[in-house]
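Subject: Structure for you to look at

Hello,

Here is the structure I said I would pass on. My notes on it follow below.

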Amino acid sequence: MNAYIIEGGRPLYGTARVHGAKNSVLPILAATVLCQGTSVIHNCPDLSDVRASLAILEHLGCKVARAGDTITVDASVVTGNDVPDRLMREMRSSVIFLGAILARTGAAELSMPGGCELGPRPIDLHLSAIRALGAEIREEGGALHCSIPGGRLQGCEYALALPSVGATENAMLCACGAEGTTVITNAAREPEIVDLQTFLRAAGADVRGAGSSVVTVRGVGGLHGGEHTVLPDRIVAATLLSAAASAGGEVELLDTDYRQLSTVTAVLAEAGCRVRSGPDRVTLRRDQPLKGVRPIRTAPYPGFPTDAQPPVMAALAKGTGTTVFVENMFESRYRHVDELCRMGADIRVEGRVAVVCGVERLHGAGLRAADLRGGAALVVAALGAEGRSELTGLDHIDRGYQELEATLRSLGADITRTGGPLQNL
Ligand code: UD1
């Protein structure tokens, strides 16, 4: 079984690069399906979710190649229009392929993604946006059958009930294949949506407004494909900063955009870390115990990211004072708390609120990751804890962090991985 063995209590020093963003690369790979040519995507991390996306592209008939962190997708010929159940289960975000497959082939067959480790993950907003563009979607026995009765998707004005990241992206992809103009309002404003827009424009699409709450897409027929470099992963950056805050020391992160991290760095600075930011880097120094901070409420971008809540909580579990977390995005996003408590943390959860009373020390323990960011949080806590931790459930962490152990080791952490590297699908 794969496990991390972590001897905690060593401060981290040095410089690390942040890899490309998982949440950018997945929709961009889905977008390549719209292109009747070749797309070249740089700065793609090697993650199990990325491998699952490549498996979907191959299943659809695309030719896919990877050289280092560059992925080439030739979607000149698309022969399939379904995502097999196995790959839907492998990665819940496979639903992001729906809009692109439908726009490219006129039909799509997917199984319902179902719940995930964060609780129910509905896709009603994805489906209603795609229906608004003229698709018919039948939900039958856990499967989605999608077609376009009118022959062509039609541009429309669509207001999202919630600024869902995935639904905004799905609607953008589908709208690229529609006739006329689509205006998506109450769109999510995450940087990864801007990155998707940048790729789509390079591939020949006419998309404007990403990063604001109104995204406008003018259908231009087929896209030709494009070249793009994926933006750095702000959640990986937040995790590494939390690791330095937990273990102490001084860490400089390169290839990171401080503007996208400001809510996280503001919290860590309030907790007593010294944070310095340059255009493409962030440095964090922690030489005093962390202090409790004002309540942290997760919210859509530019609010505090729900994905950074677990690692930041893990850092604040050790220190002085109390911090209240309010998780507004997902129901089951405190699954790391019981494990943190097993390390000596004092955290109480009631509904969407968690109250973290800083303790003087955490101790190593046998731990299990229950989800991606919760798993990363346990690594953060173990690095600052006294003694040895053994963490299993690395398949969750492999979905979003490329060789996390190697990055942390380069900063002086005592962390080893047993049981071999990321497995092929
Ligand atoms: C994306 C990110 C994920 C991040 C999340 C919130 C990817 C691959 N994943 O997930 O890491 O935690 O944004 O920043 O980019 N909702 C509905 N109906 C829908 C869709 C969403 O009710 O059809 C709700 C969800 O239950 C949730 C909220 O909307 O409460 C936000 O979810 P959403 O922004 O869609 O998250 P994802 O795109 O799934």
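Apart from its neighbours within four places in sequence, Ser111 is in contact with Val83, Asp85, Met88, Gly142, Ala143 and Leu144. Please keep in mind that this is a predicted model. Ser111 belongs to strand S7, which covers residues 107-111. The relative accessible area of Ser111 is 11%, and a residue counts as buried under 20%, so Ser111 is buried. One of its contacts is polar: the side chains of Ser111 and Asp85 meet at 2.8 Å.

Domains

The domain assignment splits the protein into domain 1 (3-19 + 232-418) and domain 2 (22-225). Their C-alpha centres are 31 Å apart. Where the two domains meet, 24 residues of domain 1 are in contact with 18 residues of domain 2.

Ligand

Where does the ligand lie with respect to domain 1 and domain 2? Both domains give residues to the shell around the ligand, so the ligand lies between them. The shell holds 18 residues, and the closest are Asp124, Leu125, Ser164, Asp307 and Met329. Sorted by class, 7 residues of the shell are nonpolar, 6 are polar and 5 are charged.

Backbone atoms approach oxygen atoms of the ligand in these places:
- Leu125: a backbone N or O atom is 2.7 Å from a ligand oxygen.
- Gly166: a polar backbone atom is 2.8 Å from a ligand oxygen.
- Met329: a backbone N or O atom is 2.6 Å from a ligand oxygen.

On its own the ligand has 730 Å² of accessible area, and the protein covers 85% of that.

Two helices, H5 (124-132) and H6 (165-176), each supply at least two residues of the shell. Helix H5 gives the most, with 3 residues.

Helix H5

Which residues of H5 are buried? They are Leu125, His126, Leu127, Ala129 and Ile130. An α-helix has 3.6 residues a turn, so residues three or four places apart point the same way. The cover over the buried residues of H5 includes helix H4 (97-105), helix H6 and three strands, S8 (136-140), S9 (143-147) and S10 (157-159). Helix H6 therefore appears twice in these notes, as part of the cover over H5 and as a supplier of residues to the ligand shell. Just after H5, Gly134 has a positive phi of about 105°.

Ala188

Ala188 sits in the loop between strand S11 (181-185) and helix H7 (191-202). Is this loop residue buried or exposed? Ala188 has a relative accessibility of 1%, so it counts as buried. Leaving out residues up to four places away in sequence, Ala188 touches Pro163, Ser164, Val165, Thr168, Ile193 and Ser212. Of these, Ser164 is also among the residues closest to the ligand. Thr168 is 20 residues from Ala188 in sequence, yet their C-alpha atoms are 6.2 Å apart.

Asp49

Asp49 is in helix H2, which runs over residues 48-59. Asp49 is buried too, because its relative accessible area is 1%. Its contacts, not counting residues up to four places away in sequence, are Lys22, Leu26, Glu90, Met91, Ser93 and Arg399.

Regards

Note on methods:
Residues are numbered from 1 along each chain as its sequence is written. This is a predicted model: local features need pLDDT of at least 70, side-chain atom pairs count only at pLDDT 80 or more; totals for chains, interfaces and linings use all residues. Side-chain values use heavy atoms; hydrogens and water are left out. A residue is near a molecule or strand if one of its heavy atoms lies within 4 Å of it. A polar contact is a pair of N or O atoms within 3.5 Å; within protein, one must be able to donate a hydrogen and the other to accept it, and residues adjacent in sequence count only if both atoms are side-chain atoms. Accessible areas come from the Shrake-Rupley method with a 1.4 Å probe; for residues, only the protein chains shown count as cover. Helices (H or I, at least four residues) and strands (E, at least two) are DSSP runs, numbered from the N terminus. Ala, Val, Leu, Ile, Met, Phe, Trp, Tyr, Cys and Pro count as nonpolar, Asp, Glu, Lys and Arg as charged, and the others, Gly among them, as polar. Domain bounds come from an automatic or database domain assignment. Buried means under 20% relative accessible area, exposed over 50%, partly exposed in between (1.4 Å probe, protein chains only). Contact means heavy atoms within 4.5 Å.
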